[in-house]
Amino acid sequence: MAAVYEAHVESLARQTRTTETSNLANAIAEELSVLASSVDDMDEYYLGMERILSMALPFERLSLAIVAPTGRSYTHVYTSGEPVGGWRVGDTVQRSDSSTWRGLDLRVPVVMQDEAAAGRYKSLLAIPVVSGNKVVAGLNLRHSDPNAYDDQHLGLARTVAESLAAPLSYLPLYVGLVKKAAHADVIAEIGRLVSSVTEIGEVYSQFAGIVGELIDFDRLSISAIGPNSGALEVLYVDGVAFPGREHGAVRDTRGTLVGSALEQGRVVALDGDSLRASWPGADDLLRAGLQSIMAAPLMIEGVPVGAMLMAKKSPEGYIPEHLALAGRIASQISGLVAAELRRKDQDRDVAEKEALGDLARKAGSSLDISEVYDSVSSNLATLIPHDSFVIGSVNLEARTVVCNYSSDESEFQGREIEIDDPYFWLSLDLGYPWAYRATDVLKDMNSRDQIPGMAEGGLYPTLVIPLRQNGKSVAVLVAQSLQKNAYDERIIALAGRVGSHLQGAIANAAVHRRSVELAREHEVRLKLEAENLELIGAAQARSEFLSNVSHELRTPLTTVSSLTSSLAKTVNVTGSEREQTILKRVRGATGRLKEVVDALLNVSELDAGKSNLDWAPINLRSVLVKLVDRFENSESERSVRIDAKITDIPLPICGDAAKLEQAISNVLDNAVRYSDSGSGVRFDVGIDGDAVCISIVNSGSSLSDDQIIQVTKPFYRADNLATRSESGVGVGLAISKAIVELHEGSLLVGAIPEGGMRADILIPLSHG
């Protein structure tokens, strides 16, 4: 503490023993004024303030909080003594009905007593600090004696409040300017360091030391991002190290904090609790003892080129000031990382051109196919990342591959292998390289179990390169890698060039099992297969779109549902009637949206054939009786009754009871919703030959023949008064039809002459 301040504190100590209250108040005001003009560090100011106050006012705990300009919260900046309520320096408290807020709102010092308080403190002297007619801070003094404070102390407290008003309004601004200037000097030093070299490797250690002057960290890493893959490659690490994040490691950014920073184009951070709850991928950080992390994107003209990560063992997290500094630091090194990426790209392009040239020369000049294979083996590591690869001749009709060459010289070389992976054959049928994550691409073709980690989880990236002749795939090169992001768009494009050099040599060596007489038939078949693939592709695209949309909606929807449920606990108790009504509408809309998302997800799963059935022998009659009871007991605004006639004999079938109930419930719900109010819906169940027949008939509007054809297709809704008055997305009957057909049954929909619709569901009986 400054020497001039020490002398005044000692003077105040003497005055507390010899002066009256008025003189003591003047002395306190003078000492607080001297303190404010003598120090330029806030922590030093707070310690001095506490020491001055202790000479005149009794307290066992002191806490000082700065009130936000909005007046809706305050933040603890200094505390001493035994904690109250668990609050720590840096914690922000929102407005509530607490004694502290009541004291602040009074704008004058008050004494509060509570002999029944659970803690040790029975007396509270609350001192609001007012500047310019606004409460800027709150000073609380607490004591275990319930009679610790009297009128004399209140008079002294008013003097303290007046003396603190100016320092607490302007001193933080001054200290902030000093700190900002220091930060600017350090940022400038980073800029000078970065501009003085051409390669980032020369400045890493110096850079880490400079950054440490601004922001505390226990680990710092700088990574570059591939232009097409979206994967990060670690260029530098300082501090805590752990497997998978070392220098040279490559990892996917999707679903990570780094990915979020890159998508948003701004610095993001998580503390210990949020790290566990919001980012499951942070397990390795937590195991390394790192409790807080901050990710800063490295951007060049709005395009991400990398990321800077900082992590520390403290769970308190990084504050907004740190995020702002990290953003400025990131902007200083983004250009250097981009230059490093360009240099690596240039080196890689040169190496790839040389490897492709060597491969082209061998493929074009050698008549010995083994020489071509050897050239592939020697050059492929430069061109395509892999841990193993296979070259084989293809028999499209038999769905087999003859293993001509294997990089690991497996015992299956020369054998004909059956392959049942649909993605593999889709790539060969389409004729261009395809990368995906496979479970069993080539059965027993590679000794993958001998490669560490290859068999773990059964998932690994696979690149299929068709080798074609006369418009058809006659051979294939399959590469597999342990690296999660091995095959990006650039590698796939490069694979096409590799295939173009190889396919002539491989095709000439392959044994063609086709005759000239079958060539025309083969072309026709290829055309049909291409048309089928187009239809499959369209259906797959729709299914993937629905699945992606459903999953993307489900995450924020779950968050909204959770937040409204938490909010309801407060609003339903203390909220106004209008707030409760609004919350009820929000929760109702959230529930409706969840139904729509679930319906979309059902459609996408059924489209993709992913809706697995839990097959079991069931008595369908029991399912139908419960279903009708549920409809009859539900509230219906239309007052539509269910006239059910269900046979008394058992209806044994084999199927998924829950799925069947969903399918029949959708049809029955449609009939009820589009029936005239006060009418009835017939629900007749019997046996028709070897099948259970469920007939559902309602009155009301009918559909045209064209509409009936479309009504069981996803997202179709007939355009009439009945449908316009009802909500929905038009997937219920489509889901029902798909489920019934999975049970080898059928769903038929038609109009009835007297007005209304009829739906017949047929499900085969089980015999034994």
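These legends walk through several close-up views of a predicted model.

**Figure 1. The whole chain sets the scene for the close-ups.** The protein chain has 768 residues, and buried residues make up 44% of them. Its secondary structure comes to 20 helices and 25 strands. If we take the contacts between residues at least 6 apart in sequence, 61% of them join residues at least 24 apart. A search of the whole structure also turns up two cavities of 30 Å³ or more; the largest cavity has a view to itself further on.

**Figure 2. Six strands line up in an open sheet with β3 and β4 at its edges.** Reading across the sheet, the order is β3-β2-β1-β6-β5-β4, and the pairing is antiparallel. The edge strands, β3 (92-94) and β4 (110-113), each pair on one side only. On average, neighbouring strands of this sheet are turned by 25° against each other, direction ignored. For a look at one pair, start with strand β2 (residues 73-80), which pairs with β3 over three bridges in the antiparallel sense. Here Ser73 has Gln94 in β3 as its bridge partner. Helix α4 (residues 99-106) lies across β1 (61-67), β2, β3, β4, β5 (123-131) and β6 (134-143). The helix runs at about 130° to β6.

**Figure 3. A further open sheet of six strands runs from β9 to β10.** This time the order is β9-β8-β7-β12-β11-β10, again with antiparallel pairing. At the edges stand β9 (250-252) and β10 (268-270); each has a single partner strand, so one side of each is left without a neighbour in the sheet. Neighbouring strands here are turned by 25° against each other on average, direction ignored. Strand β8 (residues 231-239) and β7 are joined in the antiparallel sense by seven bridges, and Ile225 stands opposite Leu232 in β8. Helix α7 (residues 257-264) lies across β7, β8, β9, β10, β11 (292-300) and β12, running at about 35° to β11.

**Figure 4. Strand β11 sits between its partners β10 and β12.** Seven of the nine residues of β11 are buried, so this strand is largely enclosed by the rest of the structure. To one partner, β10, the strand is joined by three bridges in the antiparallel sense; to the other, β12, it is joined by nine, again antiparallel. Ile293 is a good residue to find in this view. Leu270 stands opposite Ile293 in β11, and in β12 the bridge partner of Ile293 is Ala311. Now follow the chain into the hairpin of β11 and β12, which has two residues between the strands. There, Glu301 takes a positive phi near 50°.

**Figure 5. The largest cavity holds about 80 Å³ of space.** Which residues line the largest cavity? They are Arg219, Ser221, Ser223, Val234, Arg245, Arg251, Leu285, Ile293, Leu309, Met310 and Ala311. Sorted by kind, the lining has six nonpolar, two polar and three charged residues. Two strands, β7 (219-225) and β12 (303-312), each supply at least two residues of this lining. You may recognise Ile293 and Ala311 from the previous view, where they are bridge partners; both are among the lining residues.

**Figure 6. Helix α12 has a run of buried residues.** The helix spans residues 422-430, and Phe424, Trp425, Leu426, Ser427 and Leu428 are buried in it. Just after α12 comes Gly431, which takes a positive phi of about 90°.

**Figure 7. Ser665 is a buried residue of helix α17.** The helix covers residues 657-673. Is Ser665 buried or exposed? Its relative accessible area is 11%, which is under 20%, so Ser665 counts as buried. Leaving out residues up to four places away in sequence, Ser665 touches Leu627, Arg630 and Phe631.

**Figure 8. Gly155 and Ala738 are two partly exposed helix residues.** Gly155 is found in helix α5 (residues 151-195) and has a relative accessibility of 23%. Gly155 and Thr21 are 134 residues apart in sequence, while their C-alpha atoms are 8.3 Å apart in space. Ala738 has its place in helix α20 (residues 732-742), with 22% relative accessibility. From Ala738 to Lys713 the separation is 25 residues in sequence and 9.8 Å in space, C-alpha to C-alpha.

Technical notes
Residues numbered from 1 in each chain as written. Predicted model: local features only at pLDDT ≥ 70, side-chain atom pairs only at ≥ 80, totals over all residues. Heavy atoms only, no water. Buried < 20%, exposed > 50% of the residue type's maximum accessible area, 1.4 Å probe, protein only. Helix = DSSP H or I, 4+ residues; strand = E, 2+ residues; numbered from the N terminus. Contact = heavy atoms within 4.5 Å. Pairing = 2+ DSSP bridges. Axes fitted to C-alpha atoms, helices over the stretch in contact; angles between N-to-C directions. 1 Å grid on protein atoms, 1.4 Å probe; cavity = no way out; pocket = protein on both sides within 12 Å on 5 of 7 lines; lining within 4 Å. Points joined across faces, edges and corners; volume = space filled by probe spheres on them. Nonpolar A, V, L, I, M, F, W, Y, C, P; charged D, E, K, R; others polar.
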